[in-house]
Amino acid sequence: MSVQSSPVPVSRRLTWPWFLVVVVVYLAILQGLGALIGVDRSSGDSQFPTTESVIRNGVIPIGLSVLFGAAVVTWLGWWSSVLNYRVPVRRWVRFVPISMLVVAVLAVNYPNLADQPLSLVLALIVMTLFVGIGEELMFRGIGVQVFKRAGLSEGKVALWSSVVFGVVHVSNAFGEGGAAVLQAVIVSTSGYFFYLCLRVGGTLLLPMLVHGLWDFSLVSNTVGADPKTSPGMILPILLQIALIVLVIVKRRTIEPANPIESVDPHAQPGHRAAGL
């Protein structure tokens, strides 16, 4: 009796120009669907005044973008490499995800959330969870793999995946004006920190968790009919500045002194990992 061998998983190639096309489609889902079914919130100061606004402006379009990202990864056959990213990093870099998690928990505007209906808070949790999953899947998942498989050094993988992540947020200029440009620069640095979370955890699940909780703490200050900003909001700002300074000072000591090169059949030979 012959023994049938199990089928070999299909792994397709995605070049960086086609990745940008994927990002444009991803963005069209977010912005287009949000504009189509979203609730007008221009009349007040609140970003999400009601449960309906959270669901229609956030949960539905972001949830569909998550499904789109998952479909792309499935079509590419990249789930294993997207979810697990085994590249050595020095121990001090663990400070990045640990500090972001701690500050995110401390910065949540608990009094403001306590004044909101339970349905709004639950919808907010789902929305920010979708943000963490969707954006990390697209940029630290697909994006990192695209640049890695193109043969870029580790530093350039981090750089370009973070730049694309930041540029995408310029789309917020449609609703926020020129301030979105500054936001894009700040978001690019956040993208790099999420990349370091990926390196520390060795799995995409860690930056998904950090990203989702980070956004939850920020948005908790902008929900409800009459949101009141918590003094704890200063903590993420201070940490962002501290992490930028820390990474600039220690950028050459991110990689191990004697890095153990991971086996990557898709990377071109002759490219070693290098910090920014």
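This briefing describes the fold, the nonpolar cores, the salt bridges and some individual residues of one protein chain.

The model is predicted, and its secondary structure comes to 11 helices and 0 strands. Buried residues make up 45% of the 276 residues in the chain, and the chain exposes about 14200 Å², of which carbon and sulfur atoms supply 68%. Among contacts between residues at least 6 apart in sequence, 82% join residues at least 24 apart.

**Helix α1**

- Helix α1 covers residues 16-37, and its 22 residues should span 32 Å at 1.5 Å a residue, which agrees with the 31 Å that separates its end C-alpha atoms.
- The buried residues of α1 are Phe19, Val22, Val23, Tyr26, Leu33 and Gly34, and what covers these residues includes α2 (51-76), α6 (118-149) and α7 (154-168).

**Nonpolar cores**

- In soluble globular proteins, nonpolar side chains tend to be buried together.
- The largest nonpolar core in this chain has 48 residues, and those that touch the most other members are Phe19, Met100, Met138, Phe139 and Ile142.
- The elements that give two or more residues to this core are α1, α2, α4 (95-107), α6, α7, α9 (179-201), α10 (205-219) and α11, and the element that gives the most is α9, with 8 residues.
- Apart from the largest core lies another core, of 15 residues, which has Val54, Val59, Ala123 and Met127 among them.
- Once neighbours within four places in sequence are left aside, Met100 is in contact with Phe193, Phe194, Cys197, Val210, Trp214, Leu239 and Leu243.

**Salt bridges**

- The chain has a count of 5 salt bridges, including the three pairs described in the next points.
- Glu136 and Arg140 meet through their side chains in a salt bridge, at 2.7 Å from N to O, and both residues lie in helix α6, where they are 4 residues apart, about one turn of the helix.
- Glu136 has a relative accessible area of 0% and is therefore buried, and Arg140 likewise counts as buried because its relative accessibility is 1%, the cut-off for this class being under 20%.
- Lys148 and Glu154 also form a salt bridge between their side chains, at 2.7 Å from N to O; Lys148 is buried, with a relative accessible area of 12%, and Glu154 counts as buried at 2% relative accessibility.
- Asp226 and Lys228 are joined by a salt bridge between their side chains, at 3.1 Å from N to O.
- Asp226 counts as exposed because its relative accessibility is 53%, and Lys228 is exposed with a relative accessible area of 54%, since the cut-off for an exposed residue is over 50%.

**Glu135 in helix α6**

- Glu135 lies in helix α6 and counts as buried, at 13% relative accessibility.
- With neighbours within four places in sequence left aside, Glu135 is in contact with Tyr26, Phe130, Arg140, Phe165, His169 and His211; of these partners, Tyr26 is one of the buried residues of α1, and Arg140 is the residue that forms a salt bridge with Glu136.
- Glu135 and Gly69 are 66 residues apart in sequence, while their C-alpha atoms are 8.7 Å apart in space.

**Trp79 in helix α3**

- Trp79 lies in helix α3, which covers residues 79-83, and this residue is partly exposed, with a relative accessible area of 31%.
- Apart from neighbours within four places in sequence, Trp79 is in contact with Ala70, Val73, Thr74 and Leu137.
- Trp79 and Leu137 are 58 residues apart in sequence and 10.0 Å apart in space, from C-alpha to C-alpha.

**A nonpolar patch on the surface**

- Ile234, Ile237, Leu238, Ile241, Val245 and Val249 form a nonpolar patch on the surface, and together they have about 560 Å² of accessible area.
- Ile234, a member of this patch, is found in helix α11, which covers residues 234-250.
- Ile234 counts as partly exposed because its relative accessibility is 42%, whereas α11 is also one of the elements that give two or more residues to the largest nonpolar core.

Note on methods: Residues numbered from 1 in each chain as written. Predicted model: local features only at pLDDT ≥ 70, side-chain atom pairs only at ≥ 80, totals over all residues. Heavy atoms only, no water. Patch = residues over 30% accessible without salt bridge, like charges linked within 9 Å, V, L, I, M, F, W, Y side chains within 5 Å. Areas by Shrake-Rupley, 256 points an atom, 1.4 Å probe, with all protein chains shown as cover. Salt bridge = Lys/Arg side-chain N within 4 Å of Asp/Glu carboxyl O. Buried < 20%, exposed > 50% of the residue type's maximum accessible area, 1.4 Å probe, protein only. Expected span 1.5 Å × (residues − 1). Contact = heavy atoms within 4.5 Å. Core = buried A, V, L, I, M, F, W, Y, C linked by side-chain atoms within 4.5 Å.
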